[in-house]
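Good morning, and thank you for the opportunity to speak. I would ask you to keep the structure in view while I go through its parts in turn.

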Amino acid sequence: MAKKRFAVIGSGSFGYYVAKALYENKNEVIAIDRNKERVQAIEPHCTSAVVQDVTNIEALKGLGLDEMDAVIVSTGANIKPSILICFHLSRLGIKRIIAKAEDDDHGEILKQLGATEIIRPGMDMAHRLALRLTSPNILEFLPLEEEYTIAQVGPPPSFVGKTLMELELRKRYQVNVIAIKELVPERFIMVPNSDFTVKDSDILIILGKESDLAKIRELK
């Protein structure tokens, strides 16, 4: 598989870990920050690190960002730099701009200025932690568009010993079991048959709206 190429603008806490994780996953990563100490800190964990104030469009032009698979904008709490950077990246024709936002209004402004994806790390992590703590049968989830989620669910006791046909999850809860992780014996089943009998050691991988998954989380 060909390496992907990413640029991470801003090497504060979030930008640092994004750049490092991308690099550790065998991608090419250029980290950019106007703070020399931050650049020195991230340098061992990326392909190249550059000291540059990219709120100036001329500074951006020489970095070859149009060749990247995505540019991640992760500046600090001062929202002005991220606004200028997203505006300039959009003018340069960058196709995928992922920007960290401080709040909803900030995110909406960045979208209007060309950001294709908005992330709210604190809010997203808070949501995941709250879900995991209050719903222990939800082991992990992957949010999708339009309120849909893929969740790994430990089966409620009322599911155990029943087949997927008997559970009628699509009819009762408007969700679909798309895969099952069997722990005993260890096996992964994609699109299980309707006659599959659920065991208490199984993990169900379910696609559905978060509101419908919440109904399953409440089951005993």
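Two residues are in contact when heavy atoms of theirs lie within 4.5 Å. With that in mind, consider the contacts in this protein between residues at least 6 apart in sequence: 51% of them join residues at least 24 apart. I should say at once that this is a predicted model.

Let me begin with the overall inventory. The protein has nine helices and 11 strands. It comprises 220 residues, of which 40% count as buried. About 12800 Å² is exposed, and carbon and sulfur atoms supply 52% of that area.

I turn now to the open sheet. Six strands form it, with parallel pairing, and their order is β3-β2-β1-β4-β5-β6. At the edges stand β3 and β6, the latter covering residues 117–119, and each of these two pairs on one side only. From one strand to the next, the twist averages 20 degrees. Packed on this sheet is helix α4, residues 79–91, which touches β1 (5–9), β4 (70–73) and β5 (97–100). The direction of α4 makes about 165 degrees with that of β4.

Let us look at one end of the strand order in detail. Strand β2, residues 28–33, pairs with β3, residues 48–51, in the parallel sense, and four bridges join them. Within this pairing, A31 stands opposite A49, and D33 has V51 as its bridge partner. Together with helix α2, residues 36–42, these two strands make a right-handed β-α-β unit.

Which residues touch the most other members of the largest nonpolar core? They are I9, I32, L65, V71 and L89, out of 20 residues in that core. At least two core residues come from each of β1, β2, β4, α4 and β5. Helix α4 gives the largest share, namely three residues. If we set aside its neighbours within four places in sequence, I9 is in contact with a list of residues that includes I32, V54, L60, L65, V71, I85 and L89. There is also a second, separate core of 17 residues, and among its members are A151, L164, I189 and F196.

F196 deserves a closer look. Where does F196 lie? It is found in the loop between β10, residues 186–190, and β11. Is F196 buried or exposed? The relative accessible area of F196 is 11%, and the limit for buried is under 20%, so F196 counts as buried. Not counting residues up to four places away in sequence, F196 touches K162, T163, L164, I180, E182, I189 and D202. Of these, L164 is 32 residues from F196 along the chain, yet the C-alpha atoms of the two are separated by 5.9 Å.

Finally, I come to helix α9, which spans residues 210–217. Its buried residues are D212, L213, A214 and I216. What covers them? The cover includes β8 (148–153), α8 (169–173) and β11 (203–209).

To close, I would leave you with two points: a parallel sheet of six strands, and two separate nonpolar cores, the second of which includes F196. Thank you for your attention.

How values were computed
Residues are numbered from 1 along each chain as its sequence is written. This is a predicted model: local features need pLDDT of at least 70, side-chain atom pairs count only at pLDDT 80 or more; totals for chains, interfaces and linings use all residues. Side-chain values use heavy atoms; hydrogens and water are left out. Two strands pair if DSSP finds at least two bridges between them. A crossover is right-handed if, with the strands pointing away from the viewer, the path from the first strand over the helix to the second runs clockwise. Buried means under 20% relative accessible area, exposed over 50%, partly exposed in between (1.4 Å probe, protein chains only). Axes are lines fitted to C-alpha atoms, for helices over the stretch in contact, and angles run from 0 to 180 degrees between N-to-C directions. A nonpolar core is a set of buried Ala, Val, Leu, Ile, Met, Phe, Trp, Tyr and Cys residues joined through side-chain atoms within 4.5 Å. Accessible areas come from the Shrake-Rupley method with a 1.4 Å probe; for residues, only the protein chains shown count as cover.
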